[in-house]
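Colleague: Could you pick a single part of this one and take me through it closely? I'd enjoy one long, connected answer, cut-offs included.

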Amino acid sequence: MIISIANPKGGVGKTTLAVNLATTLISKYSDTRILELDLQRSSSLWAGYRVERGITPEIPVAVVSSVCYPAHYPL
Ligand SMILES: Nc1ncnc2c1ncn2[C@@H]1O[C@H](COP(=O)(O)OP(=O)(O)OP(=O)(O)O)[C@@H](O)[C@H]1O
Ligand SMILES: [Mg+2]
């Protein structure tokens, strides 16, 4: 199953929803992963933040584009 979270409007909770949904789904479906389409790579930042702090479950993120405009942190 692929769940797409997309909205052209900024700051409406796309990243928050994606990361929390993945966190919930991964406990039931171990092949859950986020496909990062955001050129700011916000989900990747959050996944890394969790790893740095030892927060489980770890969320696998596959970055789709080699183009990157890193977001300022914290988002
Ligand atoms: N359900 C919610 N209730 C209250 N605040 C929320 C909720 N979801 C997200 N937020 C807050 O709203 C802000 C924007 O969320 P988020 O970064 O997920 O949006 P976004 O759509 O991914 O933004 P961007 O367009 O910049 O990628 C964050 O400060 C986040 O903590
Ligand atoms: Mg976002």
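Modeller: Happy to! Let's take helix α1: at 1.5 Å a residue, its 13 residues should span 18 Å, and the end C-alpha atoms are indeed 18 Å apart, so the two values agree. The expected span here is 1.5 Å times one less than the number of residues. Helices (H or I, at least four residues) and strands (E, at least two) are DSSP runs, numbered from the N terminus. Please keep in mind that this is a predicted model, in which local features need pLDDT of at least 70 and side-chain atom pairs count only at pLDDT 80 or more, while totals for chains, interfaces and linings use all residues. Residues are numbered from 1 along each chain as its sequence is written, and chains are lettered from A and ligands numbered from 1 in the order in which they are written.

Now for the buried side of the helix. In α1, the buried residues are T15, A18, V19 and A22. Looking down the axis of α1, these fall within an arc of 90°, so they line one face of the helix. The arc is that of the directions from the helix axis to the C-beta atoms, and "buried" means 20 or more other C-beta atoms within 10 Å of a residue's own, with 12 or fewer for exposed, partly exposed in between, and C-beta atoms placed from the backbone. Among the elements covering these residues are β1 (34–36) and α2 (42–52), with contact meaning C-beta atoms within 7 Å.

A18, V19 and A22 also belong to the largest nonpolar core, whose 9 residues include I34, L45 and W46 as well. The elements giving two or more residues to that core are α1 and α2. Such a core is a set of buried Ala, Val, Leu, Ile, Met, Phe, Trp, Tyr and Cys residues joined through C-beta atoms within 7 Å.

L25, also in α1, counts as partly exposed because it has 17 C-beta neighbours inside 10 Å. From L25 to S66 there are 41 residues in sequence and 27 Å in space, C-alpha to C-alpha.

Finally, the ligand. Helix α1 (residues 14–26) gives the largest share of the shell around ligand 1, with 3 residues. Of the 10 residues in that surrounding, G10, G13, K14, T15 and T16 come nearest; a residue is near if its C-beta atom, placed from the backbone, lies within 6 Å. So T15 is both buried and among the residues nearest ligand 1.

Methods
Two residues are in contact if their C-beta atoms, placed from the backbone, lie within 7 Å.
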